[in-house]
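Student: Could you take me on a close look at one part of this model, the place where the two chains meet, and then set it against what lies around it? I would like one connected walk rather than a list.

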Amino acid sequence: MRQIIIASHGKLAEGVENTLQLFTGNLTGVSFLSAYTEDGVQLDDQIEALMKTFDQDGALFFTDIKGGSVTQAVVRHVANLANVYVIAGFNFAMILEALMSTVALSETFAQKLAVSGREGIELIEVKQDASEQEDTFFE
Amino acid sequence: MICSLRVDERLIHGQVAMTWTKELRLTGIVIANDEAAKDEMQKMTLKMALPHGVKLIVKSVEGAISLLSDSRAEAMRLMVITRTVADAVKVATAFPKTIELVNIGNAGKMSNTDEKKTMMTRAAMLTDAEIQSLRELVNVYPETFFRGTPEMEKTMASSALKSVSKGGKN
């Protein structure tokens with residue numbers, strides 16, 4: 001099955017796991033990689049261990065920040081693998097969308113997640129008259 | 001049509017917006033809550049939580065019942081959300097046969113009250129008055145169930161009520 005990996009410097013990935021459990025009981029095929037949290041544990045080894053679970057359904061990495069060493073290490077390992085994608089600079093909405101989706105992994109799908117993640121970020125402006133009136137509700 | 005009547009003290013939030021909306025292919029959400037209907041700020045934050053392509057209307061409980069009686073509601077796939085079981089009973093009683101799912105999500109964890117509450121599920125704690133309302137709700141809709149999201153464990157309200165009475169709390 002397709003694998004989804006959330007990878008971060010420190011325990012951000014573990015925090016994402018904790019929050020995801022409130023939204024969905026089923027985290028099958030989802031792994032969390034917290035880098036640099038334990039002495040003697042090498043990031044390269046953590047990534048390689050995860051790669052052993054990959055099959056033809058592919059894998060999608062979400063990393064915490066573009067240009068960070070975690071993203072760099074992940075890209076170094078998976079750059080040449082077929083059907084494995086890396087989205088750098090994740091947010092919670094895009095991870096949730098990826099988990100809820102039943103669409104097979106593809107570059108198009110990964111691209112779509114990157115776009116909807118970006119669209120989920122906005123400055124909230126206070127507007128009045130927010131909800132519909134009856135006529136517009138039924139339009 | 002009313003695809004679902006849901007009790008959820010958080011009204012529209014992640015569980016509703018991300019999961020139920022897709023699962024039930026909703027086209028509209030009706031909030032039936034007297035306080036929210038008068039509160040423009042709350043309407044704005046609810047609108048913010050709304051997924052794309054889904055309409056929202058915030059009404060008092062009575063206002064929602066009259067809106068749902070409009071024949072145009074038949075053409076939509078609606079979820080009606082109340083904050084309390086007592087309000088859900090009012091909606092259920094007004095539409096005693098046509099609601100497809102009656103569901104309780106999150107209840108009793110946000111309200112500050114000194115009243116004793118009974119844990120029904122991990123996400124729902126009810127006061128004695130709300131438990132009484134739940135009995136009324138189950139009378140109208142025997143299939144009423146507790147469930148956070150469609151993937152989570154489902155607990156029938158009727159069996160949760162049985163264990164409440166067994167505990168000798170009522």
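Tutor: Happily; we begin at the contact between the chains and then move into each chain. Keep in mind throughout that this is a predicted model.

The contact draws 23 residues from chain A and 27 residues from chain B. The size of an interface is often given as the accessible area lost when the parts come together. Here the area buried between chain A and chain B is about 2,200 Å², and carbon and sulfur atoms give 64% of that area.

Now for the charged and polar pairs. Across the interface of chain A and chain B there are two salt bridges. One of these joins Glu134(A) to Lys59(B), with 2.9 Å between the closest N and O atoms. Two residue pairs are in polar contact across the interface of chain A and chain B, counting pairs with both residues at pLDDT 80 or more. On the side of chain A that touches chain B, α1 (12-23), α4 (92-100) and α6 each supply at least two residues. Helix α6(A) gives the most to that side, with four residues.

Let us stay with α6(A) for a moment. Asp135(A) forms a salt bridge with Arg72(B), and their closest N and O atoms are 3.5 Å apart. This pair crosses between chains: Asp135(A) sits in helix α6 (residues 134-137) of chain A, while Arg72(B) is in the loop between α4 (61-68) and β4 (78-82) of chain B. Asp135(A) counts as exposed, at 53% relative accessibility, whereas Arg72(B) is partly exposed, with a relative accessible area of 37%. A network of salt bridges links Asp135(A), Asp70(B) and Arg72(B).

Side chains of opposite charge can pair when their charged atoms come close. Over all chains, the structure holds nine salt bridges, and two others, in chain B, are worth setting beside the pair we just visited. In one, the side chains of Arg6(B) and Asp8(B) meet at 2.7 Å, N to O. Arg6(B) is buried, with a relative accessible area of 0%, and Asp8(B) is buried with a relative accessible area of 0%. Arg6(B) has its place in strand β1 (residues 2-7) of chain B. A polar atom of the Arg6(B) side chain also lies 3.1 Å from the backbone oxygen of Gly148(B).

The other salt bridge joins the side chains of Lys90(B) and Asp87(B), at 3.5 Å from N to O. Both Lys90(B) and Asp87(B) lie in helix α5 (residues 85-94) of chain B, three residues apart, about one turn of the helix. Lys90(B) counts as partly exposed at 41% relative accessibility, while Asp87(B) counts as buried at 12%.

From charges we can turn to the nonpolar interior. The largest nonpolar core has 40 residues, of which Val30(B), Met120(B), Leu134(B) and Leu137(B) touch the most other members. Leu134(B) gives a good picture of the packing: leaving aside residues up to four places away in sequence, Leu134(B) touches Val85(B), Ile104(B), Met120(B), Leu126(B), Thr144(B), Phe146(B), Ala157(B) and Leu161(B). There is also a second, separate core of 22 residues, which includes Phe23(A), Ile87(A), Ile95(A) and Leu99(A).

That brings us back to chain A, which has six helices and four strands. Along the sequence, the pattern of chain A reads β-α-β-α-β-α-β-α-α-α. The C-alpha trace of chain A spans about 60 × 30 × 30 Å along its principal axes. Of the 139 residues in chain A, 43% are buried. Among contacts in chain A with a separation of 6 or more, 70% are between residues 24 or more positions apart.

Helix α3 (residues 69-78) of chain A makes a good last stop. Its buried residues are Val70(A), Thr71(A), Ala73(A), Val74(A), His77(A) and Val78(A). Seen down the axis of α3(A), these buried residues fall within an arc of 165°, so they line one face of the helix. The buried residues of α3(A) pack against β1 (3-9), β2 (30-35), α2 (43-51), β3 (59-63) and β4 (84-88) of chain A.

Key. Residues are numbered from 1 along each chain as its sequence is written. Chains are lettered from A and ligands numbered from 1 in the order in which they are written. Side-chain values use heavy atoms; hydrogens and water are left out. A nonpolar core is a set of buried Ala, Val, Leu, Ile, Met, Phe, Trp, Tyr and Cys residues joined through side-chain atoms within 4.5 Å. Buried means under 20% relative accessible area, exposed over 50%, partly exposed in between (1.4 Å probe, protein chains only). Contact means heavy atoms within 4.5 Å. The arc is that of the directions from the helix axis to the C-beta atoms. A salt bridge is a side-chain nitrogen of Lys or Arg within 4 Å of a carboxyl oxygen of Asp or Glu. Buried area is the accessible area (1.4 Å probe) that two parts lose on being put together, summed over both. A polar contact is a pair of N or O atoms within 3.5 Å; within protein, one must be able to donate a hydrogen and the other to accept it, and residues adjacent in sequence count only if both atoms are side-chain atoms.
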